[in-house]
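Please find below my notes on this two-part model, set out point by point. They take up the pairing of strands, the packing of helices, the cores and the contact between the parts.

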Amino acid sequence: MSGQGIVRTGLTLAAIAAICTSLVAATYQATHERIAANEKALLEQSLEPALSGLFYDSGVSESRLVLRPPHALPGNDPALIYRVFAGSEPVAALFAVTARDGFSGPIRVLVGVEFDGSVTGIRILQHRETPGLGDRIESTRTDWVFQFEGRSIGDPALTGWAIRGDGGEFDQLTGASVTPRAVIKAIRDTLLYFDANRDAIFAAPATVEDD
Amino acid sequence: MSGDWTERLTTGLWKDNPGLVQLLGLCPLLAVTSTFVNGVGLGIATLLVLTFSNALVSATRRWIRQEIRIPIYVLIIASLVTCVELIFKAWFPTLDRSLGIFIPLIVTNCAIVARAEIFASRNPVGASIADGLGMGAGFAALLMALGAFRELIGHASIAGFSFADSGFLLVILPPGAFLALALAVALKNRIDGRPGR
């Protein structure tokens with residue numbers, strides 16, 4: 001290829017790259033507001049069920065605490081805490097924590113805890129458990145996660161926070177015991193953390209986004 | 001001209017179907033076809049990318065030297081996929097979440113770069129668009145058929161409406177994808193191999 005040819009080839013590449021980049025930039029401009037709104041709506045919508053009808057008047061997603069690891073909550077990735085208030089009264093806290101000991105990969109669990117320490121609701125945010133077996137922890141597949149509502153540390157006692165097969169008080173899932181075990185442990189540890197740190201959790205200022 | 005279009009479309013849809021005959025793009029094909037809706041979503045996304053990339057590659061074919069054609073295909077395809085991903089995120093967020101990583105991964109679908117190389121770089125824009133539509137529709141139709149089949153047998157539901165408690169689990173698991181694809185290929189060969197054709 002002659003020297004002139006290389007320059008021409010380079011210019012062609014640069015021109016096509018410029019056109020493609022402007023195409024992506026234009027699409028981004030046209031969509032980014034909608035995408036941000038969708039993400040916020042999705043977050044509020046996915047937090048909602050774990051509050052099971054409690055009265056609150058604060059925007060849930062604005063009161064977020066981000067705990068960078070290492071922290072005392074389950075999992076070694078950032079744990080999120082959403083505080084829920086009615087006026088200035090604390091109502092509940094939602095924890096997004098990770099159970100590390102699932103059957104295949106981490107399980108992201110949303111644990112809703114009322115101010116008095118009882119569970120308002122549990123939802124599974126993300127998992128890669130076996131379809132048809134472990135994935136029955138999802139609230140859309142079975143009602144397994146609903147058995148925790150209203151329970152707390154002390155109801156049952158700490159040793160009761162296990163599946164029946166292990167001498168605990170909670171139902172298991174046929175064909176999958178690793179998954180429920182991991183989820184129950186994450187819920188129990190979250191409740192213990194809440195009991196020990198309740199006032200600090202509601203007093204802390206919301207984490208400012210740094211990204 | 002219209003006969004040409006019909007031929008291009010039937011080639012992609014049936015005779016040279018990228019999934020059934022060329023067996024290209026199997027990774028997304030096998031991974032996302034666990035439900036009908038997923039099949040439709042990825043099918044439409046692939047169809048859009050394939051049609052526009054064919055059009056762009058064909059429109060620029062006179063200025064592109066042989067030596068740099070592959071980087072340019074990659075650039076064009078990657079930009080189009082990014083646009084489609086943003087559009088899905090903005091207007092079809094639920095579908096985007098269930099397809100997850102497989103929308104960005106359309107970039108690596110070899111069916112798309114294959115059509116750019118084999119067809120669009122040697123043919124006029126109109127024919128290339130027809131080829132993209134035909135091949136895209138062929139791929140999308142196969143995704144939808146596999147999705148519908150696996151959802152029906154595996155989840156015992158049709159397009160999200162379930163009619164029984166549980167289905168035949170194997171069909172939704174990865175081996176089920178291979179088995180379903182094998183059945184589809186066998187069915188096509190059986191139809192094509194019928195005497196009198």
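1. Two strands are said to pair if DSSP finds at least two bridges between them, and helices (H or I, at least four residues) and strands (E, at least two) are DSSP runs numbered from the N terminus. This is a predicted model, in which local features need pLDDT of at least 70 and side-chain atom pairs count only at pLDDT 80 or more, while totals for chains, interfaces and linings use all residues. Residues are numbered from 1 along each chain as its sequence is written, and chains are lettered from A and ligands numbered from 1 in the order in which they are written.

2. Chain A holds two helices and five strands, in the sequence pattern α-β-β-β-β-β-α. The five strands make an open antiparallel sheet in the order β1-β2-β3-β4-β5, with β1 (64-67) and β5 of chain A as the edge strands, each pairing on one side only. From one strand to the next the twist averages 20 degrees (axes are lines fitted to C-alpha atoms, for helices over the stretch in contact, and angles run from 0 to 180 degrees between N-to-C directions).

3. At one edge, β1(A) pairs with strand β2 (residues 79-86) of chain A in the antiparallel sense over four bridges, and I81(A) in β2(A) is the bridge partner of L65(A). At the other, strand β4 (residues 107-114) of chain A pairs with β5(A), also antiparallel, over six bridges, and R108(A) has Q126(A) in β5(A) as its bridge partner. The hairpin of β4(A) and β5(A) has four residues between the strands, and there G117(A) takes a positive phi near 100 degrees.

4. Why is strand β5 of chain A described as largely enclosed by the rest of the structure? Six of the eight residues of this strand (residues 119-126) are buried, where buried means that 20 or more other C-beta atoms, placed from the backbone, lie within 10 Å of the residue's own. Helix α2 (residues 178-203) of chain A lies across β2, β3 (89-99), β4 and β5 of chain A, and runs at about 140 degrees to β3(A).

5. The two chains should be considered separately in overall form. For chain A the radius of gyration, taken over C-alpha atoms, is 23 Å, whereas a compact globule of 211 residues would have a value near 17 Å (2.2 Å times the number of residues to the power 0.38). For chain B, with 197 residues, the radius is 17 Å, which agrees with the value near 16 Å for a compact globule. Buried residues make up 30% of chain A and 42% of chain B.

6. Chain B comprises eight helices and two strands, which run α-α-α-α-α-α-α-β-β-α from the N terminus on. The largest nonpolar core (buried Ala, Val, Leu, Ile, Met, Phe, Trp, Tyr and Cys residues joined through C-beta atoms within 7 Å) has 45 residues, and among those touching the most other members are A45(B), V49(B) and L143(B). Its largest share, 11 residues, comes from α4(B). A second, separate core of 38 residues includes A50(A), I107(A), V109(A) and V111(A).

7. The contact between the chains takes 17 residues from chain A and 21 residues from chain B, two residues being in contact if their C-beta atoms, placed from the backbone, lie within 7 Å.

Definitions and conventions:
A residue is buried if 20 or more other C-beta atoms lie within 10 Å of its own, exposed if 12 or fewer, and partly exposed in between; C-beta atoms are placed from the backbone.
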